[in-house]
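This report goes through one structure part by part. Please look over the sequence and the model before reading on.

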Amino acid sequence: MTDKAIQLFKNKYQCCGCNACEMVCGKKAITMIEDEYGFRFPQIDTEKCVGCGSCQKVCCINNDVELCKPGTVYAASYKNKDISAKSASGGIFAALAKQVLTEGGIVFGSAYTKQFDVEVISIEKIEDLPRLQGSKYVQSSMNSSFLKIKSELQAGRTVLFCGVPCQVEALKRFLGRSYENLLLVDIVCHGVPSNRMLKDYLAFLADKKQMEVQSIQFRTKTKGQNVYGEIAYRQVSHTGEIAYRQEPLISYKSSYYKLFLNCQTFRDSCYHCKFAGTKRPGDISLCDYWGIEDEHPDFVKEVEKEGLAGISAIMVNTNAGLAFFERLKQEFLLRESTVEQVANHNPQLQVPSVETAERKQVLDCYRQSGYQGVDDFYFKKYRMKILASDIGQVLPNSWKKKILQVIRGKK
């Protein structure tokens with residue numbers, strides 16, 4: 001016990017919920033506790049705390065960080081069609097992970113549990129790779145993964161860790177030194193809702209459909225590289241007969257999906273993110289290459305000609321990242337680009353997401369009325385936009401073109 005209380009943060013935006021402080025505490029004096037919205041924050045047991053300050057030193061938000069500007073940037077698509085089809089974008093993470101696994105290494109990334117908790121897990125077999133693929137659109141729990149990563153590194157094993165930038169930087173600070181056998185991959189992220197909100201959303205859907213949610217994918221490639229997903233349901237009748245149903249998850253028709261895209265459900269720190277820029281914490285950074293049609297239209301045609309699915313931007317930030325990437329460069333269809341070209345169409349490589357007035361309204365609805373309140377808010381607030389989107393789905397392209405011409409004042 002210490003006479004002087006340790007204070008990890010004064011305001012909620014000063015904590016990203018990375019768990020590093022909890023894992024570094026040798027006295028197990030820190031526990032991650034959910035607030036009223038489901039966001040996890042560290043709580044210190046003053047009876048156990050000895051005031052060593054390790055938790056403060058490991059914090060990636062309240063300490064200075066060293067970030068790297070990408071030296072090499074590509075538009076890329078993975079040539080392995082079977083694996084890339086299961087990826088949200090160009091399949092680049094899957095290719096990096098496959099290489100590490102093939103060489104006997106271990107890969108850490110986010111996965112759903114059966115209860116739809118999203119946690120960082122480790123895999124050692126290529127057949128388990130699909131668990132780590134795909135966009136989760138939620139904050140993952142680190143649990144004790146940093147401790148396991150450190151143990152694997154000290155044993156001399158190659159480790160790939162893939163996470164959002166604050167998680168990557170948190171791991172670097174937790175380890176306290178560099179490792180030649182560690183590859184860090186950060187995913188360009190514009191914010192994370194709480195895992196509890198996701199679970200409440202899925203429970204809301206299950207109750208509405210009177211079916212059990214089996215799986216959810218926020219990004220599929222059935223309609224190209226768009227914001228379009230799928231959700232699978234299962235129902236067991238009183239006679240024991242099992243029925244399955246698969247439905248599209250269209251962004252504007254899903255309150256959770258659209259409010260995520262509108263940046264209205266993130267934790268406070270996301271709106272003050274120090275990693276929202278072209279300088280990155282990982283050895284390699286990955287993101288969708290939005291605007292590829294404008295920056296490299298000929299590459300889009302090349303990808304389509306090869307029958308590949310999805311295009312990512314690869315930003316190689318360190319010598320370690322470059323050395324690893326060069327070993328499997330032939331696995332990709334590539335086009336040289338620049339970080340400025342990628343950032344032109346990706347706001348998160350420029351500034352943090354903007355907190356709007358609607359975000360407070362959404363969270364207030366969630367706190368007061370659960371996910372039903374959030375859904376009611378969304379469909380009341382945006383009913384005209386939803387109707388316009390529905391109409392746009394059925395209009396012929398020729399009509400849409402004429403309407404746009406009228407709106408833009410063209411004859």
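## Two residues with positive phi

Gln210 sits in the loop that links α7 (195-209) to β8 (212-217). The model is a predicted one. Although Gln210 is not a glycine, its phi is positive, at about 55 degrees. Most residues other than glycine have a negative phi. With a relative accessibility of 53%, Gln210 counts as exposed, since the cut-off for exposed is over 50%.

Tyr137 also has a positive phi of about 55 degrees and is not a glycine. Its place is in the loop between β5 and α5. Is Tyr137 buried or exposed? The relative accessible area of Tyr137 is 13%, so this residue is buried; the cut-off for buried is under 20%.

## The nonpolar cores

The largest nonpolar core contains 78 residues. Those with the most contacts inside this core are Phe146, Phe161, Leu198, Tyr201, Leu202, Ile216 and Phe218. Which helix gives the most to this core? Helix α13, which covers residues 357-381, does so with 8 residues. A second core, separate from the largest one, has 30 residues, and among them are Leu101, Leu132, Phe324 and Phe332.

Phe218 can be followed further through its contacts. When neighbours within four places in sequence are left aside, Phe218 is in contact with Tyr112, Ser135, Lys136, Tyr137, Leu198, Tyr228, Gly229, Leu249, Tyr256 and Tyr257. One of these contacts is Tyr137, the buried loop residue described above. Another is Leu198, which is also listed with the most contacts inside the largest core.

## A buried serine in a loop

Ser254 belongs to the loop between β10 (242-250) and α8 (255-261). Its relative accessibility is 3%, and Ser254 therefore counts as buried. Which residues does Ser254 touch, not counting those up to four places away in sequence? They are Tyr201, Leu249 and Tyr378. Leu249 is also in contact with Phe218, and Tyr201 is listed with the most contacts inside the largest core.

## Helix α6 and its surroundings

Helix α6 spans residues 165-175, and 9 of its 11 residues are buried, so the helix is largely enclosed by the rest of the structure. The buried residues are Pro165, Cys166, Gln167, Val168, Glu169, Ala170, Leu171, Phe174 and Leu175. The cover over them includes α1 (20-24), α5 (145-154), β6 (159-163) and β7 (182-187). Just after α6 comes Gly176, with a positive phi of about 75 degrees.

The second largest pocket holds about 500 Å³ of space. Its lining has 19 residues, and the closest to the pocket centre are Lys172, Arg177, Ser178, Leu184 and Pro281. Two elements, α6 and β7, give two or more residues to this lining. The largest share comes from α6, with 4 residues. By type, the lining consists of 8 nonpolar, 4 polar and 7 charged residues.

## The enclosed cavity

Rolling a probe the size of a water molecule over the atoms shows where empty space is left. How many cavities of 30 Å³ or more does the structure hold? There is 1 cavity of that kind. The volume of the largest cavity is about 140 Å³. It is lined by 18 residues, of which Cys15, Cys18, Cys21, Pro42 and Cys59 are the closest to its centre. This lining has 14 nonpolar and 4 polar residues, and no charged ones.

## A hairpin

Strand β4 (residues 106-112) and strand β5 (residues 118-123) run antiparallel and are joined by 6 bridges. In one pairing, Phe108 has Ser122 of β5 as its bridge partner. The two strands, β4 and β5, form a hairpin, with 5 residues between them. In the turn, Phe116 has a positive phi of about 65 degrees.

## A lysine in a loop

Lys48 lies in the loop between β2 (40-44) and α2 (54-57). Its relative accessibility is 42%, so Lys48 counts as partly exposed. Lys48 and Lys27 are 21 residues apart in sequence, and their C-alpha atoms are 6.3 Å apart in space. With neighbours within four places in sequence left aside, Lys48 is in contact with Lys27, Lys28 and Ala29.

Key: Residues are numbered from 1 along each chain as its sequence is written. This is a predicted model: local features need pLDDT of at least 70, side-chain atom pairs count only at pLDDT 80 or more; totals for chains, interfaces and linings use all residues. Side-chain values use heavy atoms; hydrogens and water are left out. A nonpolar core is a set of buried Ala, Val, Leu, Ile, Met, Phe, Trp, Tyr and Cys residues joined through side-chain atoms within 4.5 Å. Buried means under 20% relative accessible area, exposed over 50%, partly exposed in between (1.4 Å probe, protein chains only). Contact means heavy atoms within 4.5 Å. On a 1 Å grid over the protein atoms alone, a cavity is a set of points where a 1.4 Å probe fits but cannot get out, and a pocket is an open set with protein on both sides within 12 Å along at least five of seven lines; lining residues have an atom within 4 Å of a point. Grid points are joined across faces, edges and corners, and a volume is the space filled by probe spheres set on the points. Ala, Val, Leu, Ile, Met, Phe, Trp, Tyr, Cys and Pro count as nonpolar, Asp, Glu, Lys and Arg as charged, and the others, Gly among them, as polar. Two strands pair if DSSP finds at least two bridges between them.
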